[in-house]
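Dear colleague,

I am handing over the structure we spoke about, and I would be glad if you could look through it before you set anything up. My notes on what was found follow directly below it.

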Amino acid sequence: MAGGTDDLDAKIGQLLLITPSIDQAPSVDRENNDFLRLQNLGVGTTTGDTLVIVKFPTGNYVNCCGNQWTTKEFLMNSYQLLGTGSSVFAEKLSPEAQAQARRRLARSNRTYPQTPFVLDLTPPIEGDESASLVAQLSLSNGIRNWWQSYSVFTVSAYLVLGHDDVCPQHFDVLLSGIGSPDPRTKNEEPIDIDSIEYPVSRRIDDYCPIRHRAAILRLLIAISQGELVLNSAPRTASIAVVAKALDCVGVVTDSVLSWFIAEPNQNFISNNAEDALQIAWMLEIPSVARVAFRILVTEKAIEILSKHSGANTNNSHNQPSVFGRPRGTVDEEPETCIQHAAQRLAQRAEEVSTGLLPNNIHKFLRLLLWPEGDANLCQLLHQYMNHVVLEAAGFDLDMSVQDRYRASYEPVGKLTPTRDIYLQLQPAQRVLTVCFWRMLEKHAHSVPLFERFFTARYYPLNKESRPYGFHFIPDDGAYFDVHEFHHEFKNAITALSYRWRAADLEVNILQSGPLVLNLSDEEFRFLPLWAGGWDDGTGGVFQAEIPDADRGVPIGPGPSFRTGETLSGGDDDDDSTVKGSGGAPTIVTETGTGSSITKGYSVHATNSHSSASSVVAPANNDFPLPLPIRQRPISPDGSGWSIVSAEQEDASISSDDYSMIVDDDENEDEDYDAISNDSLIWRS
């Protein structure tokens with residue numbers, strides 16, 4: 001008996017802990033009103049010209065008060081439904097759809113109120129549409145377990161502890177709030193999510209037909225009354241899917257965005273990036289989509305670089321990320337964007353990793369101070385800079401901050417220390433971590449480290465005013481200001497580090513994680529237009545870029561690309577010869593690199609007083625190449641020719657001085673020599 005009394009006292013004590021304070025009264029009132037609106041929704045409590053019907057399945061489905069969920073019939077105004085701009089509502093309220101809806105009602109044995117419109121929004125229970133909705137409304141583990149953020153991140157109970165719409169164990173769910181947040185959140189010790197009590201009442205189904213229908217009702221209430229209460233991640237995700245399905249996302253966008261950015265609930269994005277991107281993609285919320293996109297692209301880029309290095313890694317969606325974050329799935333469209341952006345980010349990381357190699361680093365950083373004439377000093381400077389980069393590899397690093405951050409999604413007992421993971425990464429992969437850039441800056445700014453390389457070989461000048469101003473004294477007596485070099489080097493490292501790790505995030509998520517999130521426009525361009533990208537729906541952004549022209553910029557309209565030049569004049573690989581004698585020389589230009597703008601075309605320049613000149617296009621072209629080739633006599637008797645660009649052409653030359661005829665009839669080529677793709681033949 002005593003034991004039972006103790007248990008009762010403990011439960012009463014827990015209830016007292018979660019009794020709302022005066023400051024929480026508005027949130028409590030909103031939740032109570034939301035519950036009462038759904039409970040009392042009916043024809044007698046509403047007005048309008050549209051009868052709305054949402055049928056509930058039979059079964060032991062009860063709400064928090066133990067009441068059975070039953071079919072809801074209520075009234076709304078059609079102008080409010082149509083005012084959302086929904087194509088679904090417009091189609092269902094059309095005369096054809098209304099006639100069909102009334103025929104279905106007539107076959108039932110029930111009597112319905114006579115209204116101008118009837119709107120049955122009961123979800124389908126079979127077919128492709130039903131399968132699609134069930135798949136989209138199936139909640140991930142991250143969404144179903146986000147109620148734990150009340151303890152892990154001290155998120156408000158009125159954002160994450162809301163009960164599921166089927167709540168047969170309401171009292172147990174109420175107690176699962178565990179009173180106030182875990183006091184360890186104020187200390188440095190990370191919370192072990194495995195230590196948080198997980199009552200059976202919190203183990204909700206991934207898909208629930210009652211949750212589905214309740215989301216429809218809440219959406220309709222939001223349309224008619226403008227009130228939407230989002231008190232949990234499952235409710236937020238469900239309302240987003242329903243709003244997308246009914247084509248009225250604008251009704252819920254502001255409420256969902258407010259739920260995402262309410263601190264510290266914004267950490268839902270960093271812990272559940274796939275779910276956040278899915279919801280933001282459906283509702284077209286740019287800020288949330290871009291932050292989630294940053295996380296997923298960086299994680300994917302690290303995986304790509306792992307493949308490049310030959311490491312044997314399992315990149316399945318069922319496997320956690322490289323730093324242990326549980327991963328979910330996204331739809332094909334955002335997944336395509338992530339893949340392309342990650343490929344570009346991986347390329348940039350490899351470029352940085354290569355640029356920081358000993359023989360490349362001074363050119364990569366564009367250092368102005370460099371002793372080109374002193375090989376020994378260059379070698380010493382390279383050794384110093386290489387040592388700085390190697391120190392950033394992570395030896396003796398304190399990454400407890402990252403460990404604490406990762407403990408919010410990975411059990412402490414299974415958590416591999418961030419330092420151990422970091423030391424196993426390839427150089428290009430480390431570029432995508434905050435740890436690398438912080439350590440690189442630290443060692444680049446270290447004066448003691450710098451002096452260890454140079455103090456023994458340099459003589460200090462002006463020591464009083466410049467304590468670290470060491471000047472090199474080579475054999476020829478020239479001076480090299482090592483202090484100025486170090487100043488330029490550390491500034492260059494700081495600027496490079498800032499471009500990679502100092503992300504201006506659209507949503508203020510915690511930046512204590514191990515990944516760099518500062519993507520560039522090169523990665524963001526794969527996003528849709530509404531998210532600040534370049535994808536206009538045509539798919540052009542995913543196609544290979546058109547390379548720059550070899551010979552400058554266009555000077556005229558198409559369809560071909562006109563540069564005003566015909567021959568590459570400075571390529572070492574070009575081999576030009578003059579064949580023939582007398583007044584009929586033939587200029588043959590071999591282009592080993594194939595860089596000439598006239599590659600693949602036979603161009604014949606002849607005296608305008610003899611035969612005409614022609615440009616014959618290859619067989620795979622439907623039009624001749626309008627090359628701006630000009631002929632000009634270079635001797636009084638017209639025995640020779642010069643080829644000049646359009647810019648050099650003298651407008652005063654008359655048409656009698658030169659002529660150009662373009663002929664695209666490839667059958668009339670008996671007067672011309674055959675030409676390969678690697679040569680050009682000029683004949684006069």
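Glu284 counts as partly exposed, because its relative accessibility is 45%, a value that falls between the limits of 20% for buried and 50% for exposed. Please keep in mind here and throughout that this is a predicted model. Glu284 sits in the loop that runs between α15 (273-283) and α16 (286-308), and its backbone deserves a look as well, since phi is near 55°, a positive value in a residue other than glycine.

A positive phi of about 55° also appears at Arg366, which is likewise not a glycine. Arg366 belongs to the loop between α18 (361-364) and α19 (375-391), and with a relative accessibility of 70% it counts as exposed.

The loop between α13 (253-261) and α14 (267-271), in which Asn265 lies, may interest you for its backbone geometry. Pro264 has its place in this loop between α13 and α14, and the peptide bond that joins Glu263 and Pro264 is cis, with omega at about -5°. Is Asn265 buried or exposed? Asn265 is buried, because its relative accessible area is 0%, which is under the 20% that the term requires. If residues up to four places away in sequence are left aside, Asn265 touches Trp146, Val155, Leu159, Val160, Trp259 and Phe260.

On the surface, Lys55, Arg103, Arg104 and Arg107 gather in a patch of positive charge. Of these residues, Arg107 lies in the loop between α5 (95-106) and β3 (117-120), and Arg107 counts as exposed because its relative accessible area is 63%, which is over the 50% limit. As a member of the patch, Arg107 has no salt bridge, because patches are made of residues without one.

For the chain as a whole, there are 26 helices and 13 strands, and 46% of the 684 residues count as buried. Among the contacts in the chain with a separation of 6 or more, 69% are accounted for by residues 24 or more positions apart. The accessible surface of the chain comes to about 34400 Å², and carbon and sulfur atoms hold 50% of that area.

If you go through the model yourself, the cis bond between Glu263 and Pro264 and the positive phi values of Glu284 and Arg366 are the backbone features described above.

With best regards

Terms used
Residues numbered from 1 in each chain as written. Predicted model: local features only at pLDDT ≥ 70, side-chain atom pairs only at ≥ 80, totals over all residues. Heavy atoms only, no water. Patch = residues over 30% accessible without salt bridge, like charges linked within 9 Å, V, L, I, M, F, W, Y side chains within 5 Å. Areas by Shrake-Rupley, 256 points an atom, 1.4 Å probe, with all protein chains shown as cover. Salt bridge = Lys/Arg side-chain N within 4 Å of Asp/Glu carboxyl O. Lys, Arg positive; Asp, Glu negative; His and termini not counted. Charge placed at Lys NZ, Arg CZ, Asp CG, Glu CD. Helix = DSSP H or I, 4+ residues; strand = E, 2+ residues; numbered from the N terminus. Buried < 20%, exposed > 50% of the residue type's maximum accessible area, 1.4 Å probe, protein only. Contact = heavy atoms within 4.5 Å.
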